[in-house]
Amino acid sequence: MARDVASVARYLQGELLHGGVPSARHVNSVVALDSFVASTDRLFTTLVIVDEAQLDDLADDADQLTLLRDVVVVTSADTPAVRRTLDEGGITAVVGAGASRELLMPTLTALLAVDQAAEARAITSAMRVLTLAARRSGITGVIAELAHRIDGWAVLLDRHGEVITTAGAGSLHIDDAIAVAVGRPVRVRHRALQVHPVGPGQDVTAQLVTAPRNDSSGRGRELSSQAAALLDLLMRTRDSSHLERLGRSMMLETVLEGGEEATRLLRRWGVHERSLVGFALVSRTSGVDVEHLLALWLDELGAEHVFAAQRGLIRGVVREDHADEIAHRARAFASTLYLGLGRPAATDALARSIDEARQACETARAGGERVVRYETIPTVSFVLGQLDPDQTRRIGRLLDPLRDGGQHAELIETLRVFLATNSAWGESATRLRIHRQTLAARIRRIEDLIGLSLADPDDRVAAWLALRASTD
């Protein structure tokens, strides 16, 4: 972790006098006063070593005092006159440093060198992981891993400002990313917003916008810059994994349509069982490449890859014994996964089992359980089980107004959590990581859009049925 002003003061066993430089700002260099000219980097600060005699001279030099307001003065002196000069100049300083002036420079130089070497090793290690993510799941995997590594969010835009993929970003973050990328005159809400061109010189293929949680993170800036170069290579290389995913998705659509055509396709796919179990798998966090993980599990089981991903949710079918094994692995996996399993169905009528699995997965997310089987949720399942597909779709369309706007995912997730917690405002706000007033505003917006009152028990039941019946 990069050294900040406060940690330097603690290391020197000196007292930090607060001025114009925040104590949390990171430090990237150290110079003697004689070599100091001016600070130009607003993300980092410089340590300037000054002795007591020089501080006495500074008391009459207003121009030099002005320049020192943007850096941190370090001195072993600590007298009332020294403190008065620093205070009157509004200068951030570490006074009473536990080392002589002769030792301050080599001590701090060595400290920052060790710190910078550690940062370099961390970036190198992170780039290895990003490269592995690129090999596993292409551009989407890189963006997801990058957002995790910088502890923030990332948005990849094409040259026209259209979103290619995102990770960790809400709708407001995406709006900010687009605005800063295309030069739109709106207020950028995140002060650590960074834009990295993807492509060399004038040949820019996309733009990577990132926002580390720590707004002075040099590691985040350097890692994002290197990730942009990796993304440029990926975007200029034919992605066979993308074609494979597209093919699986189209074949799964045929399986969902059912009939003899679905059975014949499954046989050509290498699946010869007469009945299969639908499953739905999703991760609680975007840092897990669920698609790649599931592919590894199926390879180890010797099963065909009859699944497809849509918006982070993996849907597919497996043999009953393989379903039990996947359930066991989902429960034991280090990160939280949610798995829903439908009831066994004939290969020419698997759509219902896959839909049951999706409903069971939704129940798992709502209740915090890792694995839920459809037959264990008799209440809502019984109601939906009595309806034909058209009736189920009509119920699901109750939430169509929430899907039409730019905040559709945010509003639907808010509704899901609010209903799953039995309308507990405090618990819902905590699980969503938002303020209660923000939650109240979202609930009012949801009620206005769908025409229901979430204070009414009947309306809450209708909204929950619509969530469970929804195919979105």
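Q: What surface does the protein expose, and what share of it do carbon and sulfur atoms supply?
A: In this predicted model, the protein exposes about 23,600 Å². Carbon and sulfur atoms supply 49% of that area.

Q: How many helices and strands does the protein have, and what percentage of its residues is buried?
A: There are 19 helices and 15 strands. Of the 472 residues, 46% are buried.

Q: How should the contacts be read with respect to separation along the sequence?
A: One considers contacts with a separation of 6 or more and asks what part joins residues 24 or more positions apart. In this protein that part is 61%.

Q: How do the axes of helices H12 and H19 cross?
A: An angle between 115 and 145 degrees falls outside the parallel, antiparallel and perpendicular classes and therefore counts as oblique. The axes of H12 (residues 351-367) and H19 (residues 457-469) come within 8 Å and cross at roughly 125°, so H12 is oblique to H19.

Q: Which residues make this contact between H12 and H19?
A: H12 contributes Arg358, Gln359, Glu362, Thr363 and Ala366, while H19 contributes Trp464, Leu467, Arg468 and Ala469. By class, four of the residues in the contact of H12 with H19 are nonpolar, two are polar and three are charged.

Q: Which residues of helix H17 are buried, and where around the axis do they lie?
A: A residue counts as buried when its relative accessible area is under 20%. In H17 (residues 425-432), Ser428, Ala429 and Leu432 are buried. They lie on the same side of H17, because they cover an arc of only 95° around the axis.

Q: What follows H17?
A: Arg433 follows H17, and its phi is positive, near 60°.

How values were computed: Residues are numbered from 1 along each chain as its sequence is written. This is a predicted model: local features need pLDDT of at least 70, side-chain atom pairs count only at pLDDT 80 or more; totals for chains, interfaces and linings use all residues. Side-chain values use heavy atoms; hydrogens and water are left out. Helices (H or I, at least four residues) and strands (E, at least two) are DSSP runs, numbered from the N terminus. Buried means under 20% relative accessible area, exposed over 50%, partly exposed in between (1.4 Å probe, protein chains only). Contact means heavy atoms within 4.5 Å. Accessible areas come from the Shrake-Rupley method with a 1.4 Å probe; for residues, only the protein chains shown count as cover. Axes are lines fitted to C-alpha atoms, for helices over the stretch in contact, and angles run from 0 to 180 degrees between N-to-C directions. Angles under 35 degrees count as roughly parallel, over 145 as roughly antiparallel, 65 to 115 as roughly perpendicular and the rest as oblique. Ala, Val, Leu, Ile, Met, Phe, Trp, Tyr, Cys and Pro count as nonpolar, Asp, Glu, Lys and Arg as charged, and the others, Gly among them, as polar. The arc is that of the directions from the helix axis to the C-beta atoms.
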